[in-house]
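Reader: I have a protein structure to study and I am not sure how to read its features. Could you take me through them slowly, giving the general idea and then the case at hand?

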Amino acid sequence: MRNDWLHKSTGYMKIQVTYASPETFIKECQRQDVLIWKVTFQEEERFTAYVLLTDLYKLKKMAKHLSCKIKFEEKKGLPFLLKKLTGRKGLIAGVLGFIVVLILLSNMVWAIEIEGTDPAMEHELRHTLEQMGVKKGALQYFLPAPEKIQENIMNELDGVTWIGVTKHGSSYHFQVVEKEIVEERSSPGTGHLVASRKAVIHDLFVEKGNPLIKPNQVVKKGDILVSGELGKEGKTTYIAAEGEVIGEFWYKVRVKVPLSQTIETITGRTAKKHGLKIGDITVPIWGFSGLDTEDIYKEQIARKWELFGYKTPFSHVVTHEYELQSVDRDRAHKKAVAIAKEEATKKLLQMFSEDAEITGEKVLHETVDGGKVKVSLHYKIQDNIAVKQPIIQGD
């Protein structure tokens, strides 16, 4: 039978015709444009043949016109198969349920393996993972990507230098590298503590050495604050002076802040698109239109489909679209000055030690020029000004 696949997809039937000669019936089929094949003679005015399901209405008219009887002996093809299946809803529900359970089971976490750490750290790591939802029985579909899990663990655990996270099918594998605490070795070299800048001595804490300064004394850069030379002449010993000398000094900072600012905000209009990704090709399956503007921010999340740990070439891709709008905001003069002070403080504290403290500030000058506020600030700072200077024997 030619075009067999086409007949199966549209459906076809085996009919038995009685009370009509085959020649008359075939001529009428040609006149009505009815496709008929495999005509088999059985008796006079009784034969069988095959016709398409789409010609059923024409056959009924022909039976009435030729006063013959048409009996349907066999029904084949996709439409009849689908009709049978719809009558077996329990079987279809069972098959669909089995597929759903199969997909769920293949996307659950069945094992968590941890290597490279002691039991205490392993216990802490498992506790952290459980708080993140990474545990046996959890659905992988709702878990973060391995890269995100790695980032979260690195942020949560202080005793970890590096951790590798890999996913093999339904199991997660963690390779931990713990931090090695290296004891700080004291420097065997002798030396003084000298001033790193000009300042007024505010306070001093000397652990070792001979202090040569006192509070409220003005020192210049390079002055010896704490000497590592002990004893009288002829009985001199040299040590490494240790301690902190808190000096107070002024520092000048100039900052420019624009009076207007263009920022992008989200209007609240959003759209979501779903797609099926096969290789590099994404086929949209829901949410085709999206937002009708070009000023949008897109966020795309793709999740691979796996079957019993084996990656399939299919991914479910969800694209979130957010409408953006540009807004020009004018800053008040006072607000700009406040921002300038804040930026100057951040900039200033980055230049000194972590223990540096701003004890006073003063706006020396502020002007508006070219749409910007220019502020000159003077800060009073207290910080450790002592730095080590080695003693060269014989000086």
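**Reading side chains and their partners**

Author: Let us begin with burial, remembering that this is a predicted model: glutamate 28 has a relative accessible area of 8% and therefore counts as buried, since buried means under 20%.

Reader: With which residue does the side chain of glutamate 28 meet in a salt bridge?

Author: A salt bridge pairs a side-chain nitrogen of Lys or Arg with a carboxyl oxygen of Asp or Glu. Here the partner of glutamate 28 is arginine 31, with N and O at 2.8 Å, and both residues belong to helix H2 (residues 22-32), where they sit three residues apart, about one turn of the helix.

Reader: Is arginine 31 buried or exposed?

Author: Arginine 31 is exposed, its relative accessible area being 58%, whereas glutamate 28 is buried.

Reader: Which strands hold the salt-bridge partners glutamate 323 and arginine 269?

Author: Glutamate 323 and arginine 269 form a salt bridge whose closest N and O atoms are 3.1 Å apart. Glutamate 323 is in strand E19 and arginine 269 in strand E16 (residues 260-278), so this pair ties together parts that lie 54 residues apart in sequence. Glutamate 323 is buried at 14% relative accessibility, while arginine 269 is partly exposed at 39%.

Reader: How many salt bridges are found in the whole structure?

Author: A search of the whole structure gives ten. Another of these salt bridges joins lysine 374 to aspartate 369, at 3.4 Å from N to O; lysine 374 is partly exposed at 28%, and aspartate 369 is partly exposed as well, at 46%. Salt bridges can also share partners, and in this way Arg269, Asp292 and Glu323 are joined into one network.

Reader: Why is there no disulfide between cysteine 68 and cysteine 29?

Author: A disulfide needs two cysteine sulfur atoms within 2.5 Å of each other. The sulfur of cysteine 68 has its closest cysteine sulfur in cysteine 29, and because that distance is 9.2 Å, it is too far for a bond. The structure as a whole holds zero disulfides. Both cysteines count as buried, cysteine 29 at 0% relative accessibility and cysteine 68 at 11%.

Reader: Finally, which residues is histidine 320 in contact with, beyond its neighbours within four places in sequence?

Author: Histidine 320 lies in strand E19, which covers residues 310-330, and, with those neighbours left aside, it is in contact with Ala271, Lys272, Tyr297, Lys298 and Glu299. Its relative accessible area is 19%, so histidine 320 is buried, the cut-off being under 20%.

Methods: Residues numbered from 1 in each chain as written. Predicted model: local features only at pLDDT ≥ 70, side-chain atom pairs only at ≥ 80, totals over all residues. Heavy atoms only, no water. Helix = DSSP H or I, 4+ residues; strand = E, 2+ residues; numbered from the N terminus. Buried < 20%, exposed > 50% of the residue type's maximum accessible area, 1.4 Å probe, protein only. Contact = heavy atoms within 4.5 Å. Salt bridge = Lys/Arg side-chain N within 4 Å of Asp/Glu carboxyl O.
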